[in-house]
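Welcome, and please get your viewer ready. We will walk through this structure one selection at a time.

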2 protein chains.
Amino acid sequence: MPERLAPPLAEPLVGRLALIGLGLIGSSIARAAQHLKLADRLVVSDASPEVRARVRVLGIADEVTETSAEAARDADMVILCVPVGACGTVAAEIGGALKPGAIVSDVGSVKGAVVAAVGPHLPAGTHLVPAHPVAGTEYSGPDAGFATLFLNRWSILTPPEGTDAGATDVTRRLWEAMGAQVEIMTAQHHDLVLAITSHVPHLIAYNIVGTAADLETVTQSEVIKFSAGGFRDFTRIAASDPTMWRDVFLSNKDAVLEMLGRFNEDLAALQRAIRWGDGEALFDLFARTRAIRRGIIDIGQETPEPDFGRRHGEETTD
Amino acid sequence: MPERLAPPLAEPLVGRLALIGLGLIGSSIARAAQHLKLADRLVVSDASPEVRARVRVLGIADEVTETSAEAARDADMVILCVPVGACGTVAAEIGGALKPGAIVSDVGSVKGAVVAAVGPHLPAGTHLVPAHPVAGTEYSGPDAGFATLFLNRWSILTPPEGTDAGATDVTRRLWEAMGAQVEIMTAQHHDLVLAITSHVPHLIAYNIVGTAADLETVTQSEVIKFSAGGFRDFTRIAASDPTMWRDVFLSNKDAVLEMLGRFNEDLAALQRAIRWGDGEALFDLFARTRAIRRGIIDIGQETPEPDFGRRHGEETTD
């Protein structure tokens with residue numbers, strides 16, 4: 001398992017690379033692209049003037065343009081790093097500026113809706129290779145990114161049937177250069193897999209934090225003070241970007257509702273086991289869930305350190 | 001916020017301290033008690049011969065006895081560090097061995113049931129001061145403990161009305177010596193607070209991991225590979241000790257079912273918002289949950305580091 005980014009490439013993978021949207025993901029790609037020399041020229045844009053100004057100060061791109069179309073003009077590859085709900089709008093903005101052979105990719109957590117929203121705006125002769133790096137933190141914005149965010153994480157590509165193999169290959173190599181492992185699947189299957197590994201987990205985390213905040217019998221101050229009993233773990237992903245996550249739920253509705261249905265069904269069974277004092281049913285579930293974590297640790301997607309490696313004060317010497 | 005344990009006490013807080021059960025919590029108390037010299041003599045016992053043997057090897061107590069009654073005999077303070085469901089049995093074992101004035105405490109995550117189970121076995125003239133340190137990791141057993149586990153955590157005491165003030169005070173000073181902050185409340189209120197800050201979070205974590213493991217449309221290997229999208233956070237508390245947690249749910253049934261009812265009600269509203277495409281309702285919830293995490297970080301119960309401080313590879317230098 002690599003511990004650091006590879007040295008810069010001898011030869012850039014793409015000529016002109018454009019990134020639209022410089023939040024956590026976009027700014028992490030920018031930093032990695034700079035460090036690894038993935039492109040001859042890195043041009044970026046963002047709808048927010050504040051973000052554009054900040055990116056200039058951070059110096060994480062060769063050029064910051066006012067509009068997404070300027071960034072995309074003559075680009076060999078354009079990556080949309082905006083909330084899923086904004087992908088269609090950005091595609092409409094850049095469509096006319098794309099040169100023949102340009103690759104358009106994205107980083108959205110939902111893929112079917114992105115293909116449907118972006119595809120119609122792309123001129124013939126350009127290539128759509130949707131991507132989803134399964135990586136992130138709970139922080140947002142251009143200051144939150146870092147070059148090693150994708151190291152040892154998976155990036156899922158969902159090229160529609162008939163996509164140019166060369167375009168898919170360049171996209172794959174870009175993610176592999178950033179330290180990611182690449183898997184290819186259909187957009188539909190992606191959306192089902194991520195509904196259970198990411199979307200429903202976020203939904204129930206947001207939900208429990210909301211429930212706890214709204215109680216009358218337990219104060220918010222008590223919830224905060226005694227959160228180390230488990231609750232605080234949920235607050236991390238419930239601190240994720242609200243716009244991004246609103247868009248995820250609106251654009252992956254069917255898969256989320258299906259997985260949520262399963263979750264609710266299983267929770268009702270647990271609720272019943274508690275009500276009727278069925279200790280055996282509880283123990284059986286609680287004993288088998290350990291194996292899943294062990295599998296996640298074994299393939300390097302999680303730390304084996306207790307408590308995620310949170311610090312518990314300095315070691316005592318005796 | 002102290003970063004390390006205090007130096008050893010000039011004067012021990014108790015003469016003979018007995019710990020029954022040397023799992024994560026018991027063995028952490030033993031290590032802290034040794035380091036801090038909380039007692040003149042530290043005597044421990046555990047129902048498992050393997051654990052007793054291991055504790056002898058670890059050398060984290062002055063004496064390891066075969067039975068809990070031997071450990072409790074002549075003890076000034078006995079702390080039960082066993083699953084909640086075992087507290088009554090242990091209390092029955094030690095009741096006859098307790099000397100007048102002895103303090104009996106515990107570390108259980110449920111308090112009403114412990115008072116009900118333990119109280120009747122304690123002879124007149126002894127003092128029951130139930131305690132719950134809100135601290136832990138997902139690991140179990142005598143090797144998992146460490147002396148700084150309680151540093152900057154809360155320990156909740158629930159002395160029944162009429163409890164000897166001196167006994168409560170000794171218990172308070174014991175936890176404060178180990179670096180914990182102490183709060184006193186009724187057992188009933190404790191059980192309600194912990195139902196939302198700990199018990200229901202554990203239940204939904206166990207549940208989502210179980211749901212994910214049982215799907216037909218997404219393989220277990222996919223769940224494991226793509227877990228960094230949020231799911232893996234839940235696997236940590238779903239790797240907690242199954243016996244301990246079975247007992248928690250069986251013995252805090254009413255409060256858990258009440259809080260679970262609230263959780264389900266709120267989740268149904270979110271589900272409806274997704275089905276009907278109500279982006280505003282989703283955004284509103286997702287935006288206000290951030291404040292709770294900020295509060296938890298501000299009082300030092302959580303790290304401000306992204307992703308719980310998980311490592312993301314070594315820093316790049318440029």
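The stops below go from whole chains down to single residues.

**Stop 1: the whole of chain A**

Keep in mind throughout that this is a predicted model. Start by selecting chain A and showing it as a cartoon. You should find 12 helices and 9 strands in chain A. Turn the chain around and compare its directions: the C-alpha trace of chain A spans about 65 × 50 × 40 Å along its principal axes. How does the radius of gyration of chain A compare with that of a compact globule? A compact globule of 318 residues would have a radius of gyration near 20 Å, and chain A has 22 Å, which agrees.

Now look inside. Of the 318 residues in chain A, 56% are buried. If you count contacts in chain A with a separation of 6 or more, 77% of them come from residues 24 or more positions apart.

**Stop 2: two domains in chain A**

Colour residues 14-185 of chain A in one shade and residues 190-305 in another. The first selection is domain 1 and the second is domain 2, according to the domain assignment. Their C-alpha centres lie 30 Å apart. Where the domains meet, 15 residues of domain 1 of chain A are in contact with 17 residues of domain 2 of chain A. On the domain 1 side of this meeting place there are 6 nonpolar, 7 polar and 2 charged residues.

**Stop 3: the open sheet of chain A**

Next, show the strands of chain A. Six of them, in the order E3-E2-E1-E4-E5-E6, form an open sheet with parallel pairing. The edges belong to strand E3 (63-65) and strand E6 (127-128) of chain A, each of which pairs on one side only. Select residues 39-45 of chain A to bring up strand E2, which pairs with E3(A) in the parallel sense over 3 bridges. For a closer view, show Val43(A), which stands opposite Glu63(A) in E3(A).

**Stop 4: the sheet in chain B**

Move over to chain B. Here, too, an open sheet of 6 strands runs in the order E3-E2-E1-E4-E5-E6, with parallel pairing. Strand E3 (63-65) and strand E6 (127-128) of chain B stand at the edges with a single partner strand each, so one side of each is left without a neighbour in the sheet.

Try these pairs within the sheet:

- Select residues 14-20 and 39-45 of chain B: strands E1 and E2 pair in the parallel sense over 6 bridges. Leu17(B) has Leu42(B) in E2(B) as its bridge partner.
- Select residues 77-80 and 103-106 of chain B: strands E4 and E5 run parallel and are joined by 4 bridges. Leu80(B) has Asp106(B) in E5(B) as its bridge partner.

Stay on E5(B) and turn on its side chains. Ile103(B) and Ser105(B) point one way, while Val104(B) and Asp106(B) point the other way, and all are buried.

**Stop 5: an antiparallel pair in chain B**

Select residues 131-134 and 154-157 of chain B. In which sense do E7(B) and strand E8 pair? The pairing is antiparallel, over 4 bridges. Pro133(B) stands opposite Ser155(B) in E8(B). Along E7(B), Ala131(B) and Pro133(B) point one way and His132(B) and Val134(B) the other, and all of these are buried.

**Stop 6: where the chains meet**

Show both chains together. A rotation of 180° with 0.0 Å of shift along its axis superposes chain B on chain A, with an RMSD of 0.0 Å. The two copies are thus related as by a two-fold rotation axis.

Now highlight the contact region: 102 residues of chain B are in contact with 102 residues of chain A. Helices that each supply at least two residues of the chain B side include helix H8 (220-225), helix H11 (253-275) and helix H12 (279-298). The largest share, 19 residues, comes from H7(B). By class, this side of chain B has 54 nonpolar, 26 polar and 22 charged residues. Do the selection from both sides: 100% of the interface residues of chain B are also interface residues in chain A, so the copies meet through the same surface.

**Last stop: Pro306(B)**

Finish by selecting Pro306(B), in the segment after H12 of chain B. Pro306(B) is partly exposed, with 17 other C-beta atoms within 10 Å. Across in chain A, Pro306(B) touches Thr137(A), Glu138(A) and Tyr139(A).

Key:
Residues are numbered from 1 along each chain as its sequence is written. Chains are lettered from A and ligands numbered from 1 in the order in which they are written. This is a predicted model: local features need pLDDT of at least 70, side-chain atom pairs count only at pLDDT 80 or more; totals for chains, interfaces and linings use all residues. A residue is buried if 20 or more other C-beta atoms lie within 10 Å of its own, exposed if 12 or fewer, and partly exposed in between; C-beta atoms are placed from the backbone. Two strands pair if DSSP finds at least two bridges between them. Copies are superposed by least squares on the C-alpha atoms of residues with pLDDT of at least 70 in both. Two residues are in contact if their C-beta atoms, placed from the backbone, lie within 7 Å. The radius of gyration is taken over C-alpha atoms; the globule rule is 2.2 Å times the number of residues to the power 0.38. Ala, Val, Leu, Ile, Met, Phe, Trp, Tyr, Cys and Pro count as nonpolar, Asp, Glu, Lys and Arg as charged, and the others, Gly among them, as polar. Domain bounds come from an automatic or database domain assignment. Lists of a residue's contacts leave out its neighbours within four places in sequence.
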